[in-house]
Amino acid sequence: MLHYTRQAFSVSLVLMLVCGLLFPLLLSGISAILFPHQAEGSLIEINGKAVAAENVGQEFTEDYYLWSRPSAYHYNVYIETQTYQDGSEFSGIGSGSNNYAPSNPELVERVEADMALFLEKNPDVKPEDIPTDLLTASGSGLDPHISPKAAEIQIPRIVAASGLEEDQVRKIIENHTTSKLLGVFGEETVNVVKVNIELGTAMGLLQN
């Protein structure tokens with residue numbers, strides 16, 4: 001009995017060291033050498049200060065910025081008092097969604113409210129023309145991407161509010177549009193965070 005107990009303990013200890021320590025350290029070391037930017041979180045810095053991560057979205061409510069997809073947790077953008085930008089209390093949850101069924105009245109209420117706000121801020125848009133991704137949240141609630149169509153439909157509002165030329169806004173969006181992987185996999189996407197950083201810089205709100 002003692003022999004088998006010692007053997008089980010030894011195997012557990014070895015596996016814990018190999019799988020829980022050595023293997024993660026090896027992968028971390030390789031990624032730090034081959035992909036240093038990604039290994040550090042793909043951070044975007046302005047004047048030496050990290051202001052965003054390429055793969056984590058943020059909530060934008062200003063008319064001169066590109067709007068993100070809805071997020072059940074507001075992308076966890078909150079101020080020191082631990083409240084979200086709309087004044088609701090910070091939930092303490094890092095990511096996720098409400099996981100409402102299509103028949104859930106709270107989902108219907110949320111979508112209708114988002115649609116009403118979007119139509120108010122984009123008066124030339126018809127309800128049926130609003131892209132689905134501008135009314136649906138991602139599973140993580142942190143998706144930084146929207147579809148090119150979702151970006152295109154916001155251009156008139158951004159031009160009017162920012163004072164930038166339409167061609168300039170289109171070029172900025174194009175700069176941060178990613179095509180399908182190998183031309184086949186996935187979909188074209190626009191990185192909202194990167195677009196808004198460049199928009200802010202063009203308007204003089206941000207200084208590189």
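**Close-up views of a predicted model**

**View 1. Lys121 and its salt-bridge partner, Asp63.** With a relative accessible area of 32%, Lys121 is partly exposed. The model shown here, and in every view that follows, is a predicted one. Look at the tip of the Lys121 side chain, and you will find Asp63: the two side chains form a salt bridge, with N and O 3.7 Å apart. Asp63 belongs to the loop between S2 and H3, while Lys121 belongs to helix H3, so this pair ties together parts that lie 58 residues apart in sequence. Asp63 is likewise partly exposed, at 25% relative accessible area.

**View 2. A salt bridge between Lys194 and Glu54.** In this pair, the closest N and O atoms are 3.5 Å apart. Distant parts of the chain are linked here: Lys194 sits in helix H7, whereas Glu54 sits in the loop between strand S2 (49-53) and helix H3 (105-121), 140 residues away. Is Lys194 buried, partly exposed or exposed? Its relative accessible area is 25%, and buried would require a value under 20%, so Lys194 counts as partly exposed. For context, the whole structure holds six salt bridges.

**View 3. Glu166 and Arg170 along helix H6.** This close-up stays within one helix, as Glu166 and Arg170 both lie in H6 (residues 166-175). They are four residues apart, which is about one turn of the helix. Their side chains meet in a salt bridge with an N to O distance of 3.0 Å. Both ends of the bridge are partly exposed: Glu166 has a relative accessibility of 38%, and Arg170 has one of 30%. Do follow the contacts a little further, for salt bridges with shared partners bring Glu152 together with Glu166 and Arg170 in one network.

**View 4. The bend in helix H1.** Helix H1 covers residues 2-34. Where does H1 bend? The bend is at Leu22, where the helix turns by about 30°. A proline, Pro24, follows within four residues of that point. The end-to-end reach is still worth checking: at 1.5 Å a residue, the 33 residues of H1 should span 48 Å, and the end C-alpha atoms are 46 Å apart, which agrees.

**View 5. The hairpin of S1 and S2.** Strand S1 (residues 43-46) runs antiparallel to S2, and four bridges join the two. One place to pick out the pairing is Leu43, which stands opposite Ala53 in S2. Between the strands of this hairpin there are two residues. In the turn, look for Asn47, whose phi is positive, at about 55°.

**View 6. An open sheet of three strands.** Following the sheet from one side to the other gives the order S3-S5-S4, with antiparallel pairing. S3 (145-146) and S4 (177-178) are the edge strands, each pairing on one side only. As a reminder, strands of a sheet pair through backbone hydrogen bonds, in either a parallel or an antiparallel manner. Two bridges connect S3 with S5 (residues 189-191). To find your way in, start at His145, whose bridge partner in S5 is Asn191.

**View 7. Helix H7 and its packing.** H7 (residues 192-203) lies across S3 and S5, at about 50° to S5. Over its 12 residues it reaches 16 Å from the first C-alpha to the last, close to the 16 Å expected at 1.5 Å a residue. Which residues of H7 are buried? They are Val192, Val193, Val195, Asn196, Ile197, Leu199 and Gly200. These buried residues pack against S1, S2, S3, helix H5 (155-162), H6 and S5.

**View 8. Ser162 in helix H5.** Ser162 lies in H5. Its relative accessibility is 15%, so it counts as buried. Setting aside neighbours within four places in sequence, Ser162 is in contact with Tyr64 and Met203. Gly200 is 38 residues away from Ser162 along the chain, and their C-alpha atoms are separated by 9.0 Å.

**View 9. Asn99 in the loop between S2 and H3.** Our last stop is Asn99, which is found in the loop between S2 and H3. With a relative accessible area of 69%, Asn99 is exposed. How far apart are Asn99 and Ile172, in sequence and in space? They are separated by 73 residues in sequence and by 34 Å from C-alpha to C-alpha.

Notes
Residues are numbered from 1 along each chain as its sequence is written. This is a predicted model: local features need pLDDT of at least 70, side-chain atom pairs count only at pLDDT 80 or more; totals for chains, interfaces and linings use all residues. Side-chain values use heavy atoms; hydrogens and water are left out. The expected span of a helix is 1.5 Å times one less than its number of residues. The bend at a residue is the angle between axes fitted to the seven residues ending there and the seven starting there. Two strands pair if DSSP finds at least two bridges between them. Contact means heavy atoms within 4.5 Å. Axes are lines fitted to C-alpha atoms, for helices over the stretch in contact, and angles run from 0 to 180 degrees between N-to-C directions. A salt bridge is a side-chain nitrogen of Lys or Arg within 4 Å of a carboxyl oxygen of Asp or Glu. Buried means under 20% relative accessible area, exposed over 50%, partly exposed in between (1.4 Å probe, protein chains only).
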